[in-house]
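These exercises go through one protein chain. Work each task on the structure before reading its solution.

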Amino acid sequence: MVKEGRILICRRREDQPHPGKWEFPGGKAEPGESPEEALRRELLEELGIEAAAPAEISRYTFAYPGKNPILLIFLLVESWKNEVENRIFASMIWEAPGRLRGYDFLEGDLPFLESKEFLGLYSRG
């Protein structure tokens, strides 16, 4: 999610998997959901917003140690209805893209932060 040139990042609670790690809002698709439908559902559950027209900007497969590989899909959301409300995270912040590498992100998100797609979109942040 992008607002006024900043990206929303969220910190996991201590009782969640990967406690204290930062991530982008969103989550796993349920059977039969497209990535866009899954993101819309997750953003409504996590933040209370209705996202408009998510656009895919990157995808890759990532495997956490001892786990099966998962397909990570990064979607850009630039507009939504309702005010963003923190419903499940320890904290949230709107951060400049160029400062994201200073946060302790989930390992699966790190390749995205170094990707040409991300750097091309946000090299000015």
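**Exercise 1.** Does Glu4 count as buried or exposed, and what is its relative accessibility?

Solution. The model is a predicted one. Step one is to place the residue: Glu4 sits in the loop between S1 and S2. Step two is the accessibility: Glu4 has a value of 77%. The cut-off for exposed is over 50% relative accessible area. Glu4 therefore counts as exposed. Step three is the backbone: although Glu4 is not a glycine, its phi is positive, at about 50 degrees.

**Exercise 2.** Find the loop that holds Asn82, then describe its phi and its exposure.

Solution. Asn82 belongs to the loop between S7 and S8. Its phi is positive, about 85 degrees, and Asn82 is not a glycine. With a relative accessible area of 45%, Asn82 is partly exposed. Partly exposed covers the range between the buried limit of 20% and the exposed limit of 50%.

**Exercise 3.** Trace the contacts of Lys3 and Trp80, leaving out residues up to four places away in sequence.

Solution. Start with Lys3, which is part of strand S1 (residues 2–3). Lys3 is partly exposed, at 37% relative accessible area. Its contacts beyond four places in sequence are Trp80 and Trp94. From C-alpha to C-alpha, Lys3 lies 8.1 Å from Ser79, a residue 76 positions away in sequence.

Next take Trp80, in strand S7 (residues 79–81). Trp80 touches Met1, Val2, Lys3, Ile49, Glu50, Ala51, Ala52 and Trp94. The C-alpha atoms of Trp80 and Arg40 are 9.8 Å apart, with these positions 40 residues apart along the chain.

**Exercise 4.** How many aromatic pairs are there? Classify the pairs Phe24 with Phe105 and Phe74 with Phe112.

Solution. The count comes to nine aromatic pairs. For Phe24 and Phe105, the ring centres are 5.1 Å apart and the planes 35 degrees apart, which makes the pair tilted. Phe24 is in the loop between strand S3 (22–23) and helix H1 (35–47), and Phe105 is in the loop between strand S8 (91–95) and helix H2 (110–113), so the pair ties together parts 81 residues apart in sequence. Both Phe24 and Phe105 are buried.

For Phe74 and Phe112, the centres are 4.1 Å apart and the planes 5 degrees apart, a stacked pair. This pair also links distant parts of the chain: Phe74 is in strand S6 (residues 70–76) and Phe112 in helix H2, 38 residues apart. Phe74 and Phe112 are buried. These four residues join Tyr60 and Phe118 in one aromatic cluster.

**Exercise 5.** Which residues have the most contacts inside the largest nonpolar core?

Solution. The largest nonpolar core has 19 residues, and those with the most contacts inside it are Ile7, Ile9, Phe24, Phe74, Leu100, Phe105 and Phe112. Strand S2 (6–11), S5, S6 and H2 each give two or more residues to this core. A second, separate core has 11 residues, among them Met1, Leu8, Leu43 and Phe89.

**Exercise 6.** Describe the largest pocket by its volume and its lining.

Solution. The largest pocket holds about 1,300 Å³ of space. It is lined by 41 residues, of which Glu23, Gly26, Gly27, Lys28 and Leu72 are the closest to its centre. The elements giving two or more residues to the lining are H1, strand S5 (55–62), S6 and helix H3 (116–122). S6 gives the most, with seven residues. By class, the lining has 27 nonpolar, six polar and eight charged residues.

Methods
Residues are numbered from 1 along each chain as its sequence is written. This is a predicted model: local features need pLDDT of at least 70, side-chain atom pairs count only at pLDDT 80 or more; totals for chains, interfaces and linings use all residues. Side-chain values use heavy atoms; hydrogens and water are left out. Helices (H or I, at least four residues) and strands (E, at least two) are DSSP runs, numbered from the N terminus. Buried means under 20% relative accessible area, exposed over 50%, partly exposed in between (1.4 Å probe, protein chains only). Contact means heavy atoms within 4.5 Å. Rings of Phe, Tyr and Trp (its six-membered ring) pair if their centres lie within 6.5 Å; planes under 30 degrees apart count as stacked, over 60 as edge-to-face and the rest as tilted. On a 1 Å grid over the protein atoms alone, a cavity is a set of points where a 1.4 Å probe fits but cannot get out, and a pocket is an open set with protein on both sides within 12 Å along at least five of seven lines; lining residues have an atom within 4 Å of a point. Grid points are joined across faces, edges and corners, and a volume is the space filled by probe spheres set on the points. Ala, Val, Leu, Ile, Met, Phe, Trp, Tyr, Cys and Pro count as nonpolar, Asp, Glu, Lys and Arg as charged, and the others, Gly among them, as polar. A nonpolar core is a set of buried Ala, Val, Leu, Ile, Met, Phe, Trp, Tyr and Cys residues joined through side-chain atoms within 4.5 Å.
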